[in-house]
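Biologist: I am new to this model and should like each term justified as we go. May we begin once the view is open?

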Amino acid sequence: MTGELAQPATLIDGKAFAARLRGRIAQEVARIKADHGVTPGLAVVLVGEDPASSVYVRSKGRATVEVGMNSYEHRLPAETSQAELLALIARLNADAAVNGILVQLPLPAHLDETAVINAIAPEKDVDGFTVLNAGRLATGQRAMVPCTPLGCLMLLRDRLGSLSGKDALVIGRSNIVGKPMAQLMLADSATVTVAHSRTTDLPALCRRADIVVAAVGRPRFVQGDWIKPGAVVIDVGINRTEAGLVGDVDFESVRKVAGAITPVPGGVGPMTIACLLANTLTATARVNGLAEPQGLTP
Ligand SMILES: Nc1nc2c(c(=O)[nH]1)N[C@@H](CN(C=O)c1ccc(C(=O)N[C@@H](CCC(=O)O)C(=O)O)cc1)CN2
């Protein structure tokens with residue numbers, strides 16, 4: 001293959017980075033408890049029994065308690081109606097002990113995901129998925145930022161220092177990852193291209209990119225001969241295949257060309273949960289008029 005480097009790519013250890021971030025959050029939680037008598041609270045709502053979602057919700061609850069926050073888990077049956085779900089969200093919006101609310105996605109098909117998300121009070125929207133927070137992010141205003149893109153941004157800044165002037169390619173245009181990721185890198189003065197299923201000549205676009213964020217939901221989609229030597233590759237994919245869990249990047253071919261790459265598992269995934277805790281702490285500080293801990297927001 002052309003462009004192979006003598007050294008394989010550096011592994012970006014998201015698991016270790018996330019552990020350090022959770023450690024910092026735990027210190028901040030202890031400090032605001034001691035100084036202000038405030039304990040952050042996170043409510044997570046799961047509708048149905050999707051096995052992967054169930055695991056994520058359990059991990060979120062465990063991580064919440066481990067950093068000293070209160071965790072409120074609401075597991076609802078798959079046949080929960082829209083009205084019942086909206087009534088629960090209204091109760092959580094009104095509950096002063098709850099600083100963050102998260103509805104685990106995807107929801108069962110009979111529920112209106114957009115309406116459910118937008119029922120969450122924007123100041124408690126720790127997923128950053130409400131239209132108000134998405135609009136604030138897009139217009140450069142103070143927002144709650146979606147957890148996965150926030151985690152990717154932290155890893156990129158840690159690796160590169162500044163993103164200014166870098167050519168960045170986001171593959172995928174979802175509201176959860178692709179669009180907010182593009183907004184965050186644009187705000188950091190990268191030159192950002194968003195590619196999707198109708199993009200022509202994706203490999204050519206990819207070869208120009210100093211940064212590639214793959215969030216396309218297709219196992220091992222991005223190939224080594226698409227990568228500019230030395231580029232930083234962030235793999236957001238979580239695909240369960242017969243060969244096990246794989247990302248959206250063909251790890252073996254890409255690592256020979258890239259300068260740095262996130263593995264799957266152990267890359268972006270753990271950052272998603274750590275950033276959820278970061279957002280919950282930020283939401284708690286904001287609602288109580290406390291100084292926001294540094295380094296948890298873009
Ligand atoms: N309301 C939300 N729903 C969903 C989100 C989200 O951010 N908010 N993101 C994903 C799922 N997700 C969190 O909810 C998530 C995915 C993956 C991981 C993770 O740590 N992955 C591990 C591998 C774990 C495994 O074996 O499955 C890794 O990559 O190392 C954490 C959270 C969709 N829904």
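Biologist: What do the buried residues of helix 1 pack against?

Modeller: They pack against helix 6 and helix 10, where packing is contact between C-beta atoms, placed from the backbone, within 7 Å. This is a predicted model, in which local features need pLDDT of at least 70 and side-chain atom pairs count only at pLDDT 80 or more, while totals for chains, interfaces and linings use all residues. Residues are numbered from 1 along each chain as its sequence is written.

Biologist: What makes helix 1 a helix, and how many residues does helix 1 have?

Modeller: Helices are DSSP runs of H or I with at least four residues, strands are runs of E with at least two, and both are numbered from the N terminus. Helix 1 covers residues 14-36 and has 23 residues. The distance from its first C-alpha to its last is 32 Å, close to the 33 Å expected at 1.5 Å a residue; the expected span is 1.5 Å times one less than the number of residues. Just after helix 1, G37 takes a positive phi of about 65°.

Biologist: Why is V29 of helix 1 called buried?

Modeller: A residue is buried if 20 or more other C-beta atoms lie within 10 Å of its own, exposed if 12 or fewer, and partly exposed in between. V29 has 22 other C-beta atoms within 10 Å, so it is buried. G14, A18, L21, I25, E28 and I32 are also among the buried residues of helix 1. Leaving aside residues up to four places away in sequence, V29 touches P40, V67, G68, M69 and L281.

Biologist: What, by contrast, is G3 called, and why?

Modeller: G3 has 16 other C-beta atoms within 10 Å and is therefore partly exposed. G3 lies in the segment before strand 1 (10-11) and touches P229 and V257, not counting residues up to four places away in sequence. G3 and G224 are 221 residues apart in sequence, yet 8.9 Å apart in space, C-alpha to C-alpha.

Biologist: Why are S189 and D201 classed as they are, buried or exposed?

Modeller: S189 has 12 C-beta neighbours inside 10 Å, so S189 counts as exposed. D201 has 9 other C-beta atoms within 10 Å and is therefore exposed. S189 sits in the loop between helix 7 and strand 6 and has a positive phi of about 70° although it is not a glycine. D201 lies in the loop between strand 6 and helix 8 (202-207), and its phi, near 55°, is likewise positive in a residue other than glycine.

Biologist: What makes helix 7 mostly covered?

Modeller: Eight of the 10 residues of helix 7 (178-187) are buried. They pack against helix 5 (131-138), helix 6, strand 5 (167-171), strand 6 (191-195) and strand 7 (211-214).

Biologist: Which residues touch the most other members of the largest nonpolar core?

Modeller: A nonpolar core is a set of buried Ala, Val, Leu, Ile, Met, Phe, Trp, Tyr and Cys residues joined through C-beta atoms within 7 Å. The largest one has 91 residues, and V212, V213, A214 and V233 touch the most other members. Helix 10 gives the most to this core, with 11 residues. Domain 1 (36-122) and domain 2 (146-269) both give residues to this core, so it lies between them. The domain bounds come from an automatic or database domain assignment.

Biologist: How do you know where the ligand lies relative to the two domains?

Modeller: Both domains give residues to the shell around the ligand, so the shell lies between them. The shell has 17 residues, the closest being Y56, L105, P265, G269 and T272; a residue is near the ligand if its C-beta atom, placed from the backbone, lies within 6 Å of it. Helix 10 gives the most to the shell, with four residues.

Biologist: What makes a peptide bond stand out at L105 and at P265?

Modeller: A cis peptide bond joins L105 and P106, with omega about 5°, and another joins V264 and P265, with omega about 0°. P106 lies in the loop between strand 4 and helix 4 (113-118), and P265 in the loop between strand 11 (260-261) and helix 10.

Technical notes: Two residues are in contact if their C-beta atoms, placed from the backbone, lie within 7 Å.
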